[in-house]
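Thanks for coming. I will take a few minutes to walk through this one, and you can follow on the screen.

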Amino acid sequence: MDLHELTAGYALDALDPAERVAHEEHLSSCERCREDLQAFWQVSGALAHATGGPMPPASLRGRILEQARSERSNVVPFRRRRFVAPALSSAAAVAAVAAIGLGLWATSLSRDLDGAESELAVLGDPTARTYESASGEANLVVTASGEAALVVRTLAPAPAGKDYEIWIFENGVARRAGLFERPGVALLTRRLEPGQSVAVTLEVDGGVDAPTRAALFTTSSA
Amino acid sequence: MLRRDLAHLSDEALVALVSRSEESALAELYDRVGGIAYGLAFRILRDESLAEDAVQDAFLDLWRSAGSFIPERAKASTWILTLVHRRAVDLVRREQRRRTEPLENAPEPTEGSAEEAAWLRLDRERVQSALAKLPDQQREAIELAYYGGYSQSELAERLGEPLGTIKSRMFSGLSRLRELLGNGLESSGTERTPWTSTS
């Protein structure tokens, strides 16, 4: 029996359990079969799309999400540190917060980050860790090399003429780290060092050089 | 609110977010793929509650193992449907519920936008016309395996053919389908999330 042929049965889930395990072993060492599998999965995906059939009951979605929520485990929850950083009320407050030791600062990203491929690169990086903000407004995802993204949940879309601006604190100074208009995924435009904090303020369109408003939330990569 | 604002993300970026335990990304993926997933599970299991179990188990598999997804290997939607299919097949074998009719006319999906329904119908027609071009025995082997949940050895017994013959048929049939579907595989009509910039 030609082992390569079994890739078709594998893609259709038509192998017996023992055979399935054995073929996975084979796949790990056979480039040709991995390529076949990639193509066969496209075919089985097309077969799946061609099924038609009834729609699921509306309750299924809620049950799945509820169960998922109860298993949520790999996010580092926000812990209040001894220097609690309350909402930053002004640029002066930013300096004050920094004065009590919030960190060493970022080097700007040499690589241009743009668009969804970069989002995927950060969010999908297996080395990345996830940190939650105090009240769950956002998660900060940081790769081992310091590339970072904010996953913002609770903000309303920015009003006309305004943008949300992201800040990283660097030597007591809030450095611009990107703009966004609505909740979702926002990439930071500069690298984050371990332990550094990030804040978000609402500013005029296009952003400003230093924060002028109170921080809507802060989160820290520690 | 966030879910709507994840709409610009690709399925793959959503899976990456799911690996960060972002529940809203799981919800968005369910909204994109859940209907097709349930249709597939129902087709195999012919039972509403078992189909729900298969879809729920598969999405929880996704929730737990999204970090192991490799975007270079498969589209995210394909991967999710693979998880659903495997769960459904495991269930149908355990429950011994399998029906023997190879194909029947499934009802049209009853929800979703008209545009979405039209794309899905095009997908179905394309795949069904490709299936129709296969030699009968190859088509039968693929349909009984994929939609019926039969393993190769069960098929050999059922059809009274040597196991090696079944294996070859399935390989030839799938290879031929791959040729027949050709480029259409890369740009499925249900792909509605091109890479877009957020800026």
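Start with an open sheet of four strands in chain A, in the order E1-E2-E3-E6, with antiparallel pairing. This is a predicted model, so please keep that in mind throughout. At the edges of the sheet stand E1 and strand E6, residues 184-187 of chain A; each has a single partner strand, so one side of each is left without a neighbour in the sheet. Ignoring direction, neighbouring strands here are turned by 20° against each other on average.

Let me go along that order. Strand E1 covers residues 129-132 of chain A and strand E2 covers residues 138-142, and the two pair in the antiparallel sense over four bridges. To find the register on your screen, look for A:Tyr131, which stands opposite A:Leu140 in E2(A). How many residues lie between E1(A) and E2(A) in their hairpin? There are five, and in the turn A:Gly136 has a positive phi of about 75°.

At the other end of the order, strand E3, residues 148-152 of chain A, is joined to E6(A) by four bridges, and these strands run antiparallel. Here A:Ala149 stands opposite A:Leu187 in E6(A). As a general reminder, strands of a sheet pair through backbone hydrogen bonds, either parallel or antiparallel.

Now the other sheet I want to show. Four strands of chain A form an open sheet in the order E5-E4-E7-E8, and the pairing is antiparallel. Which strands are at the edges? They are strand E5, 173-180, and strand E8, 217-220, of chain A, each pairing on one side only. In this sheet the average turn between neighbouring strands is 30°, direction ignored. Strand E7, residues 197-204 of chain A, pairs with E8(A) in the antiparallel sense over four bridges. The pair to look for is A:Ala199, opposite A:Thr218 in E8(A).

On to chain B, and one helix packing. Helix H1, residues 11-18 of chain B, packs against helix H4, residues 76-95 of chain B, at an angle of about 60°, and their axes are 8 Å apart. H1(B) and H4(B) are therefore oblique to each other. On the H1(B) side the contact is made by B:Asp11, B:Glu12 and B:Val15, and on the H4(B) side by B:Ala76, B:Ser77 and B:Trp79. Sorted by class, that contact has three nonpolar, one polar and two charged residues.

Next, how the chains meet. In the model, 83 residues of chain B are in contact with 75 residues of chain A. Between them the chains bury about 7000 Å², and 62% of that is on carbon and sulfur atoms. Which three residues supply more of the area that chain B buries against chain A than any other three? They are B:Arg20, B:Arg86 and B:Phe171, with 11% of that area.

Last, confidence. The model scores ipTM 0.85 and pTM 0.73. Chain A averages a pLDDT of 77, with 79% of the residues scoring at least 70. Within chain A, confidence is highest in helix H1, residues 6-11, at 95, and lowest in helix H5, residues 91-99, at a mean of 33. Over residues 78-116 of chain A the pLDDT stays under 50, and the model has 72 contacts beyond four places in sequence for that stretch.

Chain B averages a pLDDT of 82, and 81% of its residues score at least 70. Among the elements of chain B, helix H6, residues 136-146, has the highest mean pLDDT, 96, and helix H5, residues 114-132, has the lowest, 83. Residues 187-199 of chain B have a pLDDT below 50; in the model this stretch has 30 contacts beyond near neighbours in sequence.

That is what I have. Thank you.

How values were computed. Residues are numbered from 1 along each chain as its sequence is written. Chains are lettered from A and ligands numbered from 1 in the order in which they are written. This is a predicted model: local features need pLDDT of at least 70, side-chain atom pairs count only at pLDDT 80 or more; totals for chains, interfaces and linings use all residues. Side-chain values use heavy atoms; hydrogens and water are left out. pLDDT is the predictor's confidence in each residue, from 0 to 100. Contact means heavy atoms within 4.5 Å. Axes are lines fitted to C-alpha atoms, for helices over the stretch in contact, and angles run from 0 to 180 degrees between N-to-C directions. Angles under 35 degrees count as roughly parallel, over 145 as roughly antiparallel, 65 to 115 as roughly perpendicular and the rest as oblique. Ala, Val, Leu, Ile, Met, Phe, Trp, Tyr, Cys and Pro count as nonpolar, Asp, Glu, Lys and Arg as charged, and the others, Gly among them, as polar. Two strands pair if DSSP finds at least two bridges between them. Buried area is the accessible area (1.4 Å probe) that two parts lose on being put together, summed over both.
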